[in-house]
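Let's take a walk through a protein model together. Keep the picture open while you read, and look for each part as it comes up.

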Amino acid sequence: MNIYDFAIDFEAENRVFYEECAANTSHEDLKEVFLELAEEEKKHENIVRQLKENKEVDEVEAGILPKAKEAFQKISENMPSGEGVMPDEQVDVYKKAIDLERKSYEFYTEKAEESDSEIVKKTFNRLAEEEKKHEKIMDNITEMVDRPNTWLEDAEWNHLEDY
């Protein structure tokens, strides 16, 4: 399996994973974040297909952090004091997502370094940056679920960079 097919496969797997996360939460704002992540994974999949087929590559968009920040702000405003957003058993699922995003980041970074093609290097490095953003979002979701009271107090989002 070449790097393109491998990347296409794990982007598709990540998309399905986020669609399942959206289906398994009743919280509308959080569902929106998961669906946005799924949509971004679909875009990544299409970008890698374009690389594989030597087509002009779409720009890797970077719009998810403001959307996630807005969703988390709504969650914090609407959450009754002392209550969590979802059952604690979801924490392991979200930790798995963090691991998936970390592996995606590492894959794209490694393959960008190995590539002789400038377009592949540039595109894979941008995809790696996007996967790092996804990891940060999932880390925040995990923290919110795992420690809702502390998360609300620390929800200043100072630790997220603007892109």
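Before we look at any one helix, here's a handy rule: the expected span of a helix is 1.5 Å times one less than its number of residues. Try it on helix α4, residues 90-114. This helix has 25 residues and reaches 36 Å from its first C-alpha to its last, close to the 36 Å expected at 1.5 Å a residue. Keep in mind that you're looking at a predicted model.

**The overall plan**

So what is this protein built from? There are 6 helices and 0 strands. If you read along the sequence, the pattern goes α-α-α-α-α-α. Of the 163 residues in the protein, 45% are buried.

The length rule works for helix α2 too, which covers residues 28-52. With 25 residues at 1.5 Å each, α2 should span 36 Å, and because its end C-alpha atoms are 36 Å apart, the two values agree.

**How the helices pack**

Two packed helices are described by the angle between their axes and the distance between the axes. Let's use that on helix α1, residues 3-23, and its partner α2. Their axes come within 8 Å and cross at roughly 165°. Angles over 145 degrees count as roughly antiparallel, and therefore α1 and α2 are roughly antiparallel to each other. Their crossing is left-handed. What kinds of residues make up the contact of α1 with α2? They divide into 13 nonpolar, 2 polar and 10 charged.

Helix α1 also meets α4, with axes that come within 11 Å and cross at roughly 160°. That makes α1 roughly antiparallel to α4. The crossing of α1 and α4 is left-handed.

**After α2: a residue with a positive phi**

Now follow the chain past the end of α2. Asparagine 54 comes after this helix and is found in the loop between α2 and α3, the latter being residues 64-78. Its phi is near 55°, a positive value in a residue other than glycine. Is asparagine 54 buried or exposed? Its relative accessible area is 72%, so asparagine 54 counts as exposed.

**Rings that pair up**

A pair of aromatic rings is described by the distance of the centres and the angle of the planes. A search of the whole structure finds 10 aromatic pairs. Take phenylalanine 6 and phenylalanine 10: the ring centres are 5.6 Å apart and the planes sit at 75°, so this pair is edge-to-face. Both residues lie in helix α1, 4 residues apart, which is about one turn of the helix.

The two rings' residues aren't equally covered, though. Phenylalanine 6 is partly exposed, with a relative accessible area of 41%, while phenylalanine 10 is buried at 12%. Zoom out a little and you'll find that ring pairs link Tyr4, Phe6, Phe10, Phe107, Tyr108 and Phe124 into a cluster.

**Buried spots and far-apart partners**

Back to α4 for a moment. Its buried residues include Val91, Tyr94, Ala97, Ile98, Phe107 and Tyr108. Glutamine 90 lies in α4 as well, and at 15% relative accessibility it counts as buried, because the cut-off for buried is under 20%.

Helix α5, residues 118-146, holds histidine 134, and glutamate 135 lies in α5 too. Histidine 134 has a relative accessible area of 0%, so it is buried. Glutamate 135 is buried as well, with a relative accessible area of 11%.

Each of these three residues can be paired with one from another part of the chain. Here are the separations of their C-alpha atoms:

| Residue | Partner | Apart along the chain | C-alpha separation |
|---|---|---|---|
| Histidine 134 | Isoleucine 64 | 70 residues | 8.2 Å |
| Glutamate 135 | Isoleucine 98 | 37 residues | 5.1 Å |
| Glutamine 90 | Threonine 25 | 65 residues | 9.2 Å |

Try finding the glutamate 135 pair in the picture: its partner, isoleucine 98, is 37 residues away along the chain, and their C-alpha atoms are separated by 5.1 Å. Isoleucine 98 is also one of the buried residues of α4. Then look for histidine 134 and isoleucine 64, whose C-alpha atoms are separated by 8.2 Å.

Methods:
Residues numbered from 1 in each chain as written. Predicted model: local features only at pLDDT ≥ 70, side-chain atom pairs only at ≥ 80, totals over all residues. Heavy atoms only, no water. Helix = DSSP H or I, 4+ residues; strand = E, 2+ residues; numbered from the N terminus. Axes fitted to C-alpha atoms, helices over the stretch in contact; angles between N-to-C directions. Parallel < 35°, antiparallel > 145°, perpendicular 65-115°, else oblique. Left-handed = near helix turned anticlockwise from the far one by under 90°. Nonpolar A, V, L, I, M, F, W, Y, C, P; charged D, E, K, R; others polar. Phe/Tyr/Trp six-rings, centres within 6.5 Å; stacked < 30°, edge-to-face > 60°. Buried < 20%, exposed > 50% of the residue type's maximum accessible area, 1.4 Å probe, protein only.
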